[in-house]
Amino acid sequence: MDNSRDTILNYQEGQPGEGTDKHDLKWVLFIFMKMKINKSILELVEGDITKEATEAIVNAANSGLRGGGGVDGAIHRAGGPQIMEECRKIGGCPTGNAVITSGGLLKAKYVIHAVGPIYHGGEKGDAEFLAGAYLNSLKRASENKILSISFPSLSTGAYGYPFDEAAPVALKTIIEYLKHHDEIEHVRFVLFGADAYRAYESALRGMIPMP
Ligand code: AR6
């Protein structure tokens, strides 16, 4: 990978807890990593994607766009029935692809529903379908002139993809896209829990030298 234009802008780590009492070693929670890819910002944060204020958030949907558990359930609960109404009209989306609806009651104006693969042990084109779900989400964003977008870690919940295998595929796809498309200014990975965050941080460290 050509690293010459990729710059670490910020890198901070903390441990869960509140307060600053050095004796019981509690630190304020503040975990994120931020870097520049070409003209765009790529950020990793730990959090709940339904609270994101980027112009679009990505949903880990199923091919019937029927809703479900995990991040899909959380997005439909927070965004209200309008999103499901639009999903019904669209009807479905093949694995590895993505469709767009409005964001309903969410802070985000749009939801991009991406269908990642069910994990088959790293075979049957798992990585290609996973990369396709990220790539097609970014294409929907570019087509709709969306400047900022947040992703969850697709396929790593109910669909069983291990974080350490999914993270390099996800990050590589997004980094390659941003190198050739500076119309998307800001991409955030909103990772649910410390295990997810650590896997993505470690994959990113493996791709781009860190200070
Ligand atoms: N914010 C960010 N990430 C989240 C959140 C949240 N609020 N909630 C869960 N995650 P999953 P999949 C993480 O199961 O594996 C659904 O039923 C979670 O920790 O949501 O692609 C759909 O309808 C995990 O790492 O999606 C499909 O049928 C990641 O999001 C199926 O599950 C993805 O977990 C899709 O399975």
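Which helix gives the largest share of the shell around the ligand? That is helix H1, residues 70–79, with four residues. Helices here are DSSP runs of H or I with at least four residues, strands are runs of E with at least two, and both are numbered from the N terminus.

Hi everyone, a quick word on ground rules. This is a predicted model, where local features need pLDDT of at least 70 and side-chain atom pairs count only at pLDDT 80 or more, while totals for chains, interfaces and linings use all residues. Residues are numbered from 1 along each chain as its sequence is written.

Back to the ligand: 25 residues surround it, and Ala-60, Gly-68, Gly-70, Gly-157 and Phe-192 come nearest. Near means a C-beta atom, placed from the backbone, within 6 Å.

Now to strand S6, residues 110–114. Five of its five residues are buried, so S6 is largely enclosed by the rest of the structure. Buried means 20 or more other C-beta atoms within 10 Å of the residue's own, again placed from the backbone. Tyr-110, Ile-112 and Ala-114 point one way from S6, and Val-111 and His-113 the other.

What about its neighbours? Strand S4, residues 56–60, pairs with S6 in the parallel sense over five bridges; pairing needs at least two DSSP bridges. Ala-60, which we met by the ligand, has Ala-114 as its bridge partner in S6. Strand S5, residues 98–102, runs antiparallel to S6, joined by five bridges, and Ile-100 stands opposite Ile-112.

Finally, confidence: pLDDT, the predictor's score for each residue from 0 to 100, averages 88 over the chain. S6 is highest at a mean of 99, and strand S1, residues 7–12, lowest at 52.

Notes:
A residue is buried if 20 or more other C-beta atoms lie within 10 Å of its own, exposed if 12 or fewer, and partly exposed in between; C-beta atoms are placed from the backbone.
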